[in-house]
Amino acid sequence: MKTIIVYSDELRNYDFGPGHPFRSNRFASFLELYREKIGDNKVFELVKNNEPARDEELELWHSKDYIQTIKTASAGITIPNLYRFISQDNVNPITGEFPEGIEKATRIIVKNSMLALDFVQKGKSEKAVNIGGGLHHAKPDYGEGFCIYNDVVITARYAMKKYNLERILILDTDAHAGNGTCEAFYSDPNVLFIDLHQRGIYPGTGFINEIGEGKGKGFTVNLPLSARTSNESYELIFDEIILPLAEEYKPEIVIRYGGSDPHPDDEITELGLSLEGFKMIGEKVREISKLCQNKSVDLICSGYKQDILSKVWLSLITSLSGVEVKLEEPPLKVKSDEMLTETKNLIKKVKENLQPYWKSMKK
Ligand SMILES: [Zn+2]
């Protein structure tokens with residue numbers, strides 16, 4: 001069965017301007033590589049949507065005040081206390097202004113993540129991908145880390161509301177901890193949130209002992225990785241932690257998100273995941289999705305070097321869909337097993353923390 005890939009022309013406006021690491025040309029360069037490598041392969045279907053999410057949909061996570069402020073700022077109106085609502089890395093670095101048109105673009109991104117979920121839930125495809133999704137740092141009243149509205153949280157809440165889902169597995173493979181997503185579901189057992197990220201970098205959250213609270217205790221799993229952690233470590237974490245937890249949790253859907261920033265050539269972090277590693281992630285998510293009638297939603301936007309970004313995104317999408325594609329990659333500077341001992345220690349500690357809540361972590 002096919003994979004639907006949702007995108008929008010309006011993604012060109014999700015752009016913080018020259019000198020900012022998050023530029024919108026990423027989307028065009030991905031689509032170019034997609035067309036070159038995938039062509040008219042019938043496994044995939046590109047679906048374009050330019051309809052934005054409505055206020056009441058954004059309010060599944062964001063406050064009315066915040067939405068109004070973002071809307072006003074994006075219309076070019078000066079907001080005197082703008083930095084109460086967004087961080088300084090969420091504006092144009094040269095003008096200091098909030099980019100015009102970005103509010104609508106981020107609303108469309110939210111809508112596209114919701115549409116991806118709809119396609120899967122309604123049986124139009126087993127898998128759906130939103131190019132532009134995964135804005136995991138956005139908080140209810142605060143936009144940071146290049147994220148304005150948090151499509152991950154909104155989509156998971158939409159899944160609960162519209163489809164009565166009670167067990168959603170969210171897997172964050174972005175190199176940065178998903179602080180917004182983590183906060184949203186910290187006391188909610190309807191989401192099992194598993195987050196792999198480099199430790200000690202922005203946003204400074206995602207410690208090993210952050211495992212949720214109240215009814216959600218044991219349903220947040222943080223895997224803070226050392227710099228230079230690579231493929232073998234990631235694979236071990238999938239086999240020792242993620243797959244056993246997923247089998248025990250029995251998710252009704254899998255939502256994975258994150259782009260190319262754990263790749264060493266992406267250069268924004270120091271992780272060492274190669275294209276093979278991303279392919280492995282796609283294959284593992286494909287395997288996990290067998291627990292829920294092959295249903296999964298993939299949200300992809302991060303990455304800061306054009307060339308590697310497109311290849312990583314394509315690698316994630318094709319491996320998730322069981323399609324082989326040849327992609328060239330320069331030899332890695334990082335030896336794949338350099339951090340393996342450290343990862344084994346991390347796995348041991350994570351298992352100890354989770355043992356009171358999960359039988360599968362006792363093995
Ligand atoms: Zn990131």
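Four donor atoms around a metal count as tetrahedral if all angles lie between 85 and 135 degrees, and as square planar if opposite donors are over 155 degrees apart and all others between 65 and 115; anything else is irregular. In the predicted model described here, the site of the zinc ion is irregular, with angles of 54 to 152° among its 4 donor atoms. Because a tetrahedral site needs all angles between 85 and 135 degrees, the angles of 54 to 152° exclude that class. The donor atoms are supplied by Asp174, which contributes OD twice, by His176 through ND1 and by Asp261 through OD. These atoms coordinate the zinc ion at 2.0 to 2.7 Å.

Along the sequence, the donor residues of the zinc ion follow the spacing D-x1-H-x84-D. Aspartate 174 belongs to the loop between strand S4 (168-172) and helix H6 (179-184), while aspartate 261 belongs to the loop between strand S7 (253-257) and helix H8 (275-289); the pair therefore ties together parts that are 87 residues apart in sequence. Aspartate 174 and aspartate 261 are both buried.

The overall dimensions were examined next. The secondary structure of the protein consists of 10 helices and 8 strands. For 363 residues, a compact globule would have a radius of gyration near 21 Å, and the 19 Å of the protein agrees with this. Taken along the principal axes, the box filled by the C-alpha atoms is roughly 55 × 50 × 40 Å. Of the 363 residues, 62% are buried. When contacts between residues at least 6 apart in sequence are considered, 79% of them join residues at least 24 apart.

The 8 strands of an open sheet are arranged in the order S2-S1-S3-S8-S7-S4-S5-S6, with parallel pairing. Strand S2 (44-48) and strand S6 (220-225) form the edges, each pairing on one side only. From one strand to the next, the twist averages 15°. Strands of a sheet pair through backbone hydrogen bonds, in either the parallel or the antiparallel sense.

Within this sheet, S8 has S3 and S7 as its neighbours in the strand order. Strand S3 (residues 127-131) and strand S8 (residues 296-300) run parallel and are joined by 5 bridges. In this pairing, lysine 127 stands opposite serine 296, and asparagine 130 stands opposite leucine 299. S7 also pairs with S8 in the parallel sense, over 4 bridges, and isoleucine 255 stands opposite valine 297 in S8.

S8 is mostly covered, with 5 of its 5 residues buried. In a regular strand, side chains alternate between the two faces of the sheet. Ser296, Asp298 and Ile300 point one way from S8, whereas Val297 and Leu299 point the other way, and all are buried.

Helices pack against the sheet as well. Helix H4 (residues 102-121) lies across S1, S2, S3, S7 and S8 and runs at about 175° to S3. Outside the sheet, lysine 64 is placed in helix H3 (residues 64-74). With a relative accessibility of 61%, lysine 64 counts as exposed, since the cut-off for this class is over 50%. The C-alpha atoms of lysine 64 and alanine 105 are separated by 18 Å, and the two residues are 41 apart along the chain.

Several backbone features were also identified. Most residues other than glycine have a negative phi, and most peptide bonds are trans. The peptide bond from tyrosine 202 to proline 203, however, is cis, with omega near 0°. Proline 203 is located in the loop between strand S5 (191-198) and S6.

Positive phi values occur at glutamate 267, where phi is near 70°, and at asparagine 294, where phi is near 65°; neither residue is glycine. Glutamate 267 lies in the loop between S7 and H8 and is exposed, with a relative accessible area of 51%. Asparagine 294 is found in the loop between H8 and S8 and, at 25% relative accessibility, counts as partly exposed.

Terms used. Residues numbered from 1 in each chain as written. Predicted model: local features only at pLDDT ≥ 70, side-chain atom pairs only at ≥ 80, totals over all residues. Heavy atoms only, no water. Donors = N, O, S within 2.8 Å, 3.2 Å for Na, K, Ca; no water. Tetrahedral: all angles 85-135°; square planar, octahedral: opposite > 155°, others 65-115°. Helix = DSSP H or I, 4+ residues; strand = E, 2+ residues; numbered from the N terminus. Buried < 20%, exposed > 50% of the residue type's maximum accessible area, 1.4 Å probe, protein only. Pairing = 2+ DSSP bridges. Axes fitted to C-alpha atoms, helices over the stretch in contact; angles between N-to-C directions. Contact = heavy atoms within 4.5 Å. Rg over C-alpha atoms; globule rule 2.2 N^0.38 Å.
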